[in-house]
Amino acid sequence: PANEQVKARIHAMGPKVVPYLVNRLRQESSLARLRQKVFFPARILENFGWVFTSKQTLHPQATVAEALLQEAPSDWEQAIGEAIKPLLLRGGPGEQQVAIRILREHPEVCLDLLSILDHVLVHGDKALILQTLELIRPLGERARPLDRTIVSLFAHTDQTIQCKAILLAPKLLMDAQLVFPRLIPFLNSMPGSYRRRVAVQALAGIATPDAVQIAFLRDALEDPEEDTRHHAARGLGRLGKDALSSLDTLIPLLEDEVVGIRMTAADAIGNMGVEAADAIPGLIRAMNNDFSGVGQHCRRAIEKIDPAKAKFIIVR
């Protein structure tokens with residue numbers, strides 16, 4: 001790899017060197033060119049074909065070029081975006097993955113490449129799609145033009161891609177009307193399953209005061225998997241008083257075996273406001289029987305529900 005002095009000198013040359021560095025990412029090694037020009041019997045390729053498909057097929061300077069582009073100054077970003085487009089659209093899988101790794105270090109460039117990233121999500125292989133989903137994640141709501149393509153990945157044949165796409169829904173603040181219908185098969189998965197947990201986690205971040213959506217979150221409060229119960233309680237707390245119909249199912253979670261769930265349940269009940277007064281006895285009982293910090297959450301919940309009563313409560 002280039003040392004710091006060489007790196008600084010190359011970076012000082014300015015954005016004009018970007019096309020040359022990107023070209024190094026595409027240039028094949030002599031080993032790869034040998035494979036194209038020389039006939040090898042099938043038996044040899046069967047045993048040694050991995051040699052021609054490994055990283056050795058890249059030019060030896062490709063790693064250096066990639067590092068220089070990843071660590072490039074901010075004034076290179078527009079040039080990087082332009083030069084990297086052909087790699088994303090017409091490059092081989094290896095070249096496309098290199099392009100995604102470079103873009104990960106320059107997230108602002110991605111905003112000008114959303115239509116191309118959309119193409120990659122539709123036509124890429126599994127590894128490339130997963131990398132692209134990770135690339136999009138930090139963009140948040142700014143990646144909303146990709147909503148429909150990401151939602152279509154809920155039906156992908158690979159479960160890892162399905163779940164990665166689903167978990168992007170709350171990160172991108174997707175529209176629940178678009179997402180929720182595609183989540184229903186996952187929400188109806190077997191209790192305790194990973195598929196159901198991922199769907200509840202996504203729904204918790206995007207749910208609206210819709211009775212059906214609230215019903216799915218309420219049912220998930222009784223799931224045997226603790227993360228599912230946690231996300232369900234969090235989602236209902238986010239809806240506040242609109243989820244008051246779930247109060248009777250939330251109160252038992254104040255005695256859940258998991259400390260974090262007891263805290264989340266108390267917070268969710270507090271967010272429901274004055275109409276959650278029926279939960280005050282359970283909140284007081286949880287305070288008196290708990291020494292793990294849950295009491296402070298219960299106290300805050302009571303302050304939101306009945307500030308006058310909270311003045312007379314001492315948290316042990």
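**Helix packing in a predicted all-chain view**

Leaving aside neighbours within four places in sequence, T149 is in contact (heavy atoms within 4.5 Å) with D118, L121 and V122. T149 belongs to helix α12, residues 147-152, where helices are DSSP runs of H or I with at least four residues, strands are runs of E with at least two, and both are numbered from the N terminus. With a relative accessibility of 12%, T149 counts as buried; buried means under 20% relative accessible area, exposed over 50% and partly exposed in between, with a 1.4 Å probe and protein chains only.

The model is a predicted one, in which local features need pLDDT of at least 70 and side-chain atom pairs count only at pLDDT 80 or more, while totals for chains, interfaces and linings use all residues. Residues are numbered from 1 along each chain as its sequence is written, and side-chain values use heavy atoms, with hydrogens and water left out.

Taken as a whole, the protein has 22 helices and zero strands. Its 316 residues include 47% that count as buried. Among contacts with a separation of 6 or more, 67% come from residues 24 or more positions apart.

A pair of helices can be followed in some detail. Helix α2 (residues 18-26) and helix α6 (residues 62-70) have axes that come within 8 Å and cross at roughly 135°; axes here are lines fitted to C-alpha atoms, for helices over the stretch in contact, and angles run from 0 to 180 degrees between N-to-C directions. The two helices are therefore oblique to each other, since angles under 35 degrees count as roughly parallel, over 145 as roughly antiparallel, 65 to 115 as roughly perpendicular and the rest as oblique. On the α2 side the contact is made by V18, L21, V22, R24 and L25, and on the α6 side by A62, A65, E66, L68 and L69. These residues divide into eight nonpolar, no polar and two charged, with Ala, Val, Leu, Ile, Met, Phe, Trp, Tyr, Cys and Pro counted as nonpolar, Asp, Glu, Lys and Arg as charged, and the others, Gly among them, as polar.

L25 of α2 deserves a second look. L25 is buried, at 3% relative accessible area. The C-alpha atom of L25 is separated by 6.9 Å from that of E95, 70 residues apart along the chain.

Further along the chain, helix α17 has 14 residues and reaches 20 Å from first C-alpha to last, close to the 20 Å expected at 1.5 Å a residue; the expected span is 1.5 Å times one less than the number of residues. Its buried residues are T228, R229, H231, A232, A233, G235, L236, G237 and L239, and they pack against α15 (194-206), α16 (211-220), α18 and α19.

Helix α19 (residues 259-271) has 13 residues and spans 19 Å, close to the expected 18 Å. I261, R262, T264, A265, A266, A268, I269 and G270 are the buried residues of α19, and their cover includes α17 (226-239), α18 (247-250), α20 (280-288) and α21 (294-305). After α19 comes G273, with a positive phi near 75°.

A positive phi also appears at L173, a residue other than glycine, where the value is near 55°. L173 sits in the loop between α13 (159-171) and α14 (176-187), and its 45% relative accessibility makes it partly exposed.
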